[in-house]
Structure formats: structure tokens, C-alpha cells
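Please look through the model below, beginning with its overall build and then turning to the space enclosed inside it.

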Amino acid sequence: MDDSVDHLRSRKGAFRIALIPAEVLEALNDGKLETVNLNEFLALELPRLARNVAAHIGLDAESERLIDTFAMLPSFKPMQRHGHIARALYDLTAEHADRDAVAHRLATHRSDVARCWATHWIPMSGLPLQAQLEATWRFAADPHFGVREMAWMAVRDATIRSLDEALRLLQPWVLSPDANIRRFASELTRPRGVWCAQIEQLKAAPWLAIELLEPLRADPSRYVQNSVANWLNDASRTQPDWVEETCARWQRESDLSATRYITRRALRTLSRQAPVPV
């Protein structure tokens, strides 16, 4: 850890990009500091950060592959740019004598953005679903919220392709003592989700995931509670009767504040659609 930026770690993020202190931007772009909000994430100079990260993990920071990628970045939306940088870094590892060591350095980098790039490497690996999930665990448990979001998105497509297997493999995740891991299992399998492909099977038949949801119906973590509630709210748009029945049963069987919170939020879309009594 770089002691020279210790005094910046407890900062509150600026509410406008223009107000981010120059010292903070410098440290972020040097890969010495994690972002604390979306404004900092959007303010990054990606080519500069990518060069620094490449050098940190043992890759050629001035390679033609990276330079070509930087040249085309303006053609893509902001979030897509990160995927292209991750791909360029991944391709560079093909020429490295110890790819695993490079991958480890990226996955444990002090920059949250670098670790986000590492999550992109998981689907690029071509590994079977079980191995992809195992590789994702460290990112699902990451202390940074942004890395955790990238983690479930990284294996979303593989989960959709092998849904039955995914639901089985995720059973131990919902029993983990780590709330981040439990939340990952719920968020990964949301029928609709945010900024991701929808899971048509679960939109049509959300009950296929009931064994994944049941252990979470009274979860003590608000982080997990919100994810489970959003899961059910997703399902309520296509299978409202099932969601209402499930929530009613949970309330009967688990008269706890956590369950009441989950079911209330789960039914919010249906509550808005309910006819007003005359």
C-alpha cells in the first residue's frame, strides 16, 4: 500500500467531477487509490491508468496493442471502454511467461478499476461455469462496491447459458457467512437485473430459483435484503401471483422485521398497480 496517499483514503467523494481535487485525480490515475463514487470513476484518464496498471502487473505499457485500444476508446460508451482495455491487457498476457502471476497482480491491485478489469478476464478464459464462479468469488467478496457489481456481471451470460447448473452451484453461496457472497448469488440471478441481459427462464418460471431465495428470506444484512426484494420485484412483472403467494407464505412462516422489509419492497410494483378502492 502506498503511504503517500493514506491521507486521501478517508475522503468523501466530490459531488461534481470539476470539484475533485487534483491530488486525488493524480493518485487515481496513477493506480494508487480507489474511487469512492461515480464521479471519480467517470473522471479517470483511462489510457494513463491502463499504462500504469500494465506496468504494475508486468506488461508492456507502451505496446502497440494498448496504443491501438486507446485510439479507439472515444468511439465507445464509457462502460464499454473498460471492457476493451481489459481485453487488451488480457491479450498481452499471451506473451508473458507466467500468466497466472499477472492475473493475480491485477486481481489484487490497489485500484478498484484494475480489479474490475480483472473480472472481465473471467469470461474471456473460456472456463466452464463452475470454474468461472470459483474465480469470481474473490471479486464477489471485494470490499469495493464497484468491483462487486462487475463480479456478477462478468458471469451473467455464462449463468444464463447454464442456468440449472448455476442455481445448483450457487446453493453454498447463499449460506456463506459473508453478506457480499450471499448478495452476489441473489443479484447474479435476478430475472431482469440492471444493465445486463435478462434471464427469460426466470421471468417465465421464477420458482426455479426458490431454493436459492428461501435461505435469504430473513437475511440480517440490508444489502442482501434489498437484492432479494429486487429479485422478487423483477419476477412480479411477469409472475405476479407467484410473487404474492411467496411473500404471503414468507410472512406467515417468518414473522421477522427482515422478512417484512423484503416482502414490502418486493411487492412495491404490484402495490402501485393495485386498483384504488372506490
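What percentage of the 278 residues in the protein do buried residues make up? In this predicted model, buried residues account for 49% of the 278 residues, where buried means under 20% relative accessible area. The surface that the protein exposes comes to about 13,700 Å², and carbon and sulfur atoms supply 54% of that area.

As for secondary structure, the protein contains 18 helices and 0 strands. Among contacts in the protein with a separation of 6 or more, 64% are made by residues that lie 24 or more positions apart. The C-alpha trace spans about 65 × 40 × 35 Å along its principal axes. The radius of gyration of the protein is 21 Å, which agrees with the value near 19 Å that a compact globule would have with 278 residues.

Turning to the interior, a search of the whole structure finds 1 cavity of 30 Å³ or more, and the largest cavity holds about 30 Å³ of space. Which residues line the largest cavity? Its lining consists of A140, R148, W152, N180, R183, F184 and Y223, and by class these comprise 4 nonpolar, 1 polar and 2 charged residues.

Seen in terms of helices, α9 (145–154) and α12 (179–188) each supply at least two residues of the lining of the largest cavity, and the largest share, 3 residues, comes from α12.

How values were computed
Residues are numbered from 1 along each chain as its sequence is written. This is a predicted model: local features need pLDDT of at least 70, side-chain atom pairs count only at pLDDT 80 or more; totals for chains, interfaces and linings use all residues. Side-chain values use heavy atoms; hydrogens and water are left out. On a 1 Å grid over the protein atoms alone, a cavity is a set of points where a 1.4 Å probe fits but cannot get out, and a pocket is an open set with protein on both sides within 12 Å along at least five of seven lines; lining residues have an atom within 4 Å of a point. Grid points are joined across faces, edges and corners, and a volume is the space filled by probe spheres set on the points. Helices (H or I, at least four residues) and strands (E, at least two) are DSSP runs, numbered from the N terminus. Ala, Val, Leu, Ile, Met, Phe, Trp, Tyr, Cys and Pro count as nonpolar, Asp, Glu, Lys and Arg as charged, and the others, Gly among them, as polar. The radius of gyration is taken over C-alpha atoms; the globule rule is 2.2 Å times the number of residues to the power 0.38. Buried means under 20% relative accessible area, exposed over 50%, partly exposed in between (1.4 Å probe, protein chains only). Contact means heavy atoms within 4.5 Å. Accessible areas come from the Shrake-Rupley method with a 1.4 Å probe; for residues, only the protein chains shown count as cover.
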